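User: Hi! Could you walk me through the aromatic pairs in this one?
Analyst: Happy to, let's have a look together.
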Amino acid sequence: MNRVRVAAMTASFNYLQYALAIASGLVLVPLTINAVGPRSYGLWLATGELLGYAGMIDPGVLGVLPWMVAEADGGRDRQRLRELVSNGVAVGSVVGLGYALVASVLWVLVPATVNVPVADRSALAQPLLLLVAATALAYPLRTFSALLAGLQDALFNGVLNVAQSATYFAIALVGLSRGWGLYALALASVSSTLVAAAASLVRALVIAPDLLKRWPRPQPATIRSLLANGVGVWIAGFGWRLIAASTSMVIALVGRTEWVAIYSCTSKLSALSTQLAWVLPDSGLIGLSQLHGEGRPQSRVRTVVMMIIRLHLVLAGTTACAVLVFNPAFVTAWVGPAYFGGHALNLWLAGGIVASSLVHALVTTASVLGKRIAVGAVTVANGVAQTALAFLFGASWSLGGIAAAAVVAALATSAPAGLVLLRVSTGMTLRMFWLELLAPWLQRMVPVAGACVAVGILIRDAGPIAAAGVTAIALGICFLAVRPLLFGLPLDERWMQRLVRARVLPPRAAIAVEPS
């Protein structure tokens with residue numbers, strides 16, 4: 001299967017998985033709140049983020065292993081593949097033990113530090129113990145998932161990821177309906193994780209049985225290679241953990257645990273929509289990596305990078321407008337008006353979609369072009385700044401301040417740093433970025449976004465069906481506004497012609513494909 005088909009299949013399964021996650025959230029969140037109450041649900045979310053920090057004990061090895069497997073597979077080096085699998089299992093086993101230890105220490109220290117009542121800790125203890133034990137056990141088994149990803153078994157991985165999400169949803173739904181409380185969420189997570197890990201092992205035995213035989217002993221040189229390649233991934237992962245997984249803990253530390261559920265419900269749609277907006281432009285990163293590896297002229301690399309950034313801006317702006325219009329009515333109808341955090345929070349969440357997408361575009365392209373360590377350091381700085389600002393703004397502006405912290409931190413740290421890194425790698429100057437990317441986008445999107453803010457406020461109580469209709473109209477207007485920016489997409493000439501005839505792309509999008 002060629003790389004284009006693999007990328008297309010991966011993107012398709014990612015969209016399907018996100019769609020399932022959206023449907024699952026729509027059902028499970030209100031059911032969970034009704035089953036365990038907003039306070040217990042908020043503590044569960046905050047504690048889950050705490051366990052996410054325990055996961056940082058992984059030094060990035062399991063994240064970078066698929067790329068090392070792909071490299072060895074491209075060289076048809078089966079012995080190297082065995083070494084990677086053997087050492088990956090060894091490192092995963094150590095990481096699993098370390099995860100259990102760190103999670104235990106955090107569980108003892110953090111709740112006591114922030115004065116979580118004994119009754120709340122008792123209610124959380126056993127479900128979390130089950131979750132921690134299963135996660136620790138799954139760490140060495142994740143080596144086989146990484147192996148399949150590196151071997152580009154896209155169809156199986158895609159089906160497995162969707163099946164894992166479906167398993168979680170089914171078990172959580174049954175458990176919550178039968179009154180299992182937090183055990184339902186823990187069992188759903190444990191079952192889906194272990195089943196997926198076991199399925200990956202069985203699949204590896206089927207398609208590459210030779211790689212699971214005659215394992216060499218773990219070698220210090222191979223482990224050092226894994227650790228060296230994983231450092232950049234670990235640093236960036238820690239930064240993204242600070243960015244994405246500190247909100248609930250900050251809110252709890254501010255002293256309003258019940259706000260966690262409100263923030264979670266209000267931000268649910270924007271968080272899922274952001275990930276969906278990233279899938280399509282991110283599918284071009286593999287091609288960018290290949291282009292860079294071929295030693296193509298800097299101008300050619302810059303053109304592709306700017307295309308990826310432009311597509312991120314277009315999709316992020318459109319997504320933000322949809323959230324501005326639809327989210328107030330959606331949350332009100334979904335879990336009730338008490339769980340909608342207000343229009344100021346919604347505005348900052350929409351701004352966060354744009355800011356995070358811009359930063360994501362800048363730092364991921366810079367990382368692909370070789371600036372991984374620098375990107376990791378910048379991401380950590382972003383996370384630290386966001387956490388500090390969240391405490392500061394949250395105390396003054398409540399939930400709106402928490403969301404504002406993410407926007408301000410991203411624009412103050414990762415965005416300018418990403419531009420500097422890309423200037424070194426591609427020669428893209430600040431003037432080019434402004435004149436060719438940001439200014440044309442702002443001219444088209446700002447008026448539309450302003451109208452969407454007003455419409456969202458007006459139709460909050462209109463109901464989800466009416467709001468969906470209005471949102472569809474708003475998306476159509478957004479598309480017409482940004483349509484002139486959809487040029488330069490690296491599509492096959494036949495698809496270009498079809499999209500131009502359908503008026504999806506402007507005529508100048510039909511550009512000649514550069515011969516390779």
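User: How many aromatic pairs turn up in the whole structure?
Analyst: This is a predicted model, and a search of the whole structure finds four aromatic pairs. In one of them, Y99 and Y139 have ring centres 5.7 Å apart and planes at 50°. That angle falls between the 30 and 60 degree cut-offs, so the pair is tilted.
User: Which parts of the chain does the pair link?
Analyst: Distant ones: Y99 belongs to helix 4 (residues 78–113) and Y139 to helix 5 (residues 118–150), with the two positions 40 residues apart in sequence.
User: Is Y99 buried or exposed?
Analyst: Y99 is buried, at 4% relative accessibility. Its partner Y139 is buried too, with a relative accessible area of 5%.
User: Nice. And what about F330 and W334, how is that pair arranged?
Analyst: F330 and W334 are stacked, 5.1 Å centre to centre with 20° between the planes. Both sit in helix 12 (residues 298–335), four residues apart, or about one turn of the helix. Both residues are buried.
User: Which residues form the aromatic cluster there?
Analyst: F326, F330 and W334 form one cluster.
User: Switching topic: where is T471 found?
Analyst: T471 is in helix 17 (residues 464–482). The T471 residue is buried because its relative accessible area is 7%, below the 20% cut-off.
User: What does T471 touch, leaving out residues up to four places away in sequence?
Analyst: T471 touches A322, V325 and F326. That brings us back to F326, a member of the aromatic cluster with F330 and W334.

Methods:
Residues numbered from 1 in each chain as written. Predicted model: local features only at pLDDT ≥ 70, side-chain atom pairs only at ≥ 80, totals over all residues. Heavy atoms only, no water. Buried < 20%, exposed > 50% of the residue type's maximum accessible area, 1.4 Å probe, protein only. Contact = heavy atoms within 4.5 Å. Phe/Tyr/Trp six-rings, centres within 6.5 Å; stacked < 30°, edge-to-face > 60°.
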